[in-house]
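Visitor: I have a sequence and a model to look at, and I would like to go through them slowly. Where should we start?

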Amino acid sequence: MIKPKEYEIKRIDENSFEVTIKVNPDLFYFKGHFEEQPILPGVVQLGWVYDFCKEVLNLELSGNIPTIKFTAPILPKDEIVLKVAHNHLKNNVNFEYDILNTMSKASSGRIKL
């Protein structure tokens with residue numbers, strides 16, 4: 001998965017972290033994903049969760065995604081925060097994308113380990 005050009009990782013504790021991302025408008029994934037108004041595909045949002053979990057928490061996630069909701073589109077030039085928390089007891093990862101410039105939630109979900 002191609003990561004964004006500008007991002008900053010903030011470790012909250014041993015089980016959680018946040019990534020602040022400036023969504024660059026020339027990101028490869030915007031091409032062909034709606035010409036009139038490009039949006040960041042959901043599969044990319046999931047891919048970033050997988051990639052950052054591996055990088056920060058050294059976790060390999062499976063493809064089992066029992067819960068996911070997309071509530072607002074992520075647009076070029078948006079500034080977003082990915083929040084991730086690993087729940088050891090339930091053996092899963094919870095995530096949420098918030099759009100800072102509109103103060104709205106873009107998506108959230110749970111991925112099993």
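Guide: Let us begin with one residue: Thr20 stands opposite Val81 in S4. Please keep in mind that this is a predicted model, in which local features need pLDDT of at least 70 and side-chain atom pairs count only at pLDDT 80 or more, while totals for chains, interfaces and linings use all residues. Residues are numbered from 1 along each chain as its sequence is written, and side-chain values use heavy atoms, with hydrogens and water left out.

Visitor: Okay, and what does a name like S4 stand for?

Guide: Names like that refer to strands, which are DSSP runs of type E with at least two residues, whereas helices are runs of H or I with at least four, and both are numbered from the N terminus. Strand S4 covers residues 79–87 and pairs with strand S2, residues 16–22, in the antiparallel sense over 7 bridges; two strands are said to pair if DSSP finds at least two bridges between them.

Visitor: How many helices and strands does the chain have?

Guide: The chain has 1 helix and 6 strands, and along the sequence they follow the pattern β-β-α-β-β-β-β.

Visitor: In what order do the strands lie in the sheet?

Guide: The 6 strands form an open sheet with antiparallel pairing, in the order S1-S2-S4-S5-S6-S3. Strand S1 (6–13) and strand S3 (67–70) are the edge strands, each of them pairing on one side only. From one strand to the next, the twist averages 15°, where axes are lines fitted to C-alpha atoms, for helices over the stretch in contact, and angles run from 0 to 180 degrees between N-to-C directions.

Visitor: And where does helix H1 pack?

Guide: Helix H1, residues 42–57, packs on the sheet and touches S1, S2, S3, S4, strand S5 (92–99) and strand S6 (104–112), with its direction at about 130° to that of S2. Contact here means heavy atoms within 4.5 Å.

Visitor: What about S4 and S5, how many bridges do they share?

Guide: S4 and S5 pair in the antiparallel sense over 8 bridges, and Ile80 stands opposite Ile99 in S5. Their hairpin has 4 residues between the strands, and Asn91 there takes a positive phi near 55°.

Visitor: Next door, is Asn92 buried or exposed?

Guide: Asn92, which lies in strand S5, counts as buried because its relative accessible area is 3%; buried means under 20%, exposed means over 50%, and partly exposed is in between, using a 1.4 Å probe and protein chains only. Leaving aside residues up to four places away in sequence, Asn92 touches several residues, including Ala85, His86 and Arg110.

Visitor: Changing topic, how many aromatic pairs are there?

Guide: A search of the whole structure finds 3, and one of them joins Tyr7 and Phe52 edge-to-face, at 5.0 Å centre to centre and 70° between the planes. This pair links distant parts of the chain, with Tyr7 in strand S1 and Phe52 in helix H1, 45 residues apart. Tyr7 is partly exposed at 33% relative accessibility, whereas Phe52 is buried at 0%. Phe95 and Tyr97 also form an edge-to-face pair, at 6.3 Å and 75°, and both of these residues are buried.

Visitor: What makes two rings a pair?

Guide: Rings of Phe, Tyr and Trp (its six-membered ring) pair if their centres lie within 6.5 Å; planes under 30 degrees apart count as stacked, over 60 as edge-to-face, and the rest as tilted.

Visitor: One more residue, then: where is Leu61 found?

Guide: Leu61 is in the loop between H1 and S3, and it is buried, with a relative accessible area of 12%. Its C-alpha atom is separated by 6.7 Å from that of Lys112, although the two residues are 51 residues apart along the chain. Among the residues Leu61 touches, not counting those up to four places away in sequence, are Val49, Cys53 and Ile111.

Visitor: And the chain as a whole, what does its C-alpha trace span?

Guide: The trace spans about 45 × 25 × 25 Å along its principal axes. Of the 113 residues, 38% count as buried.
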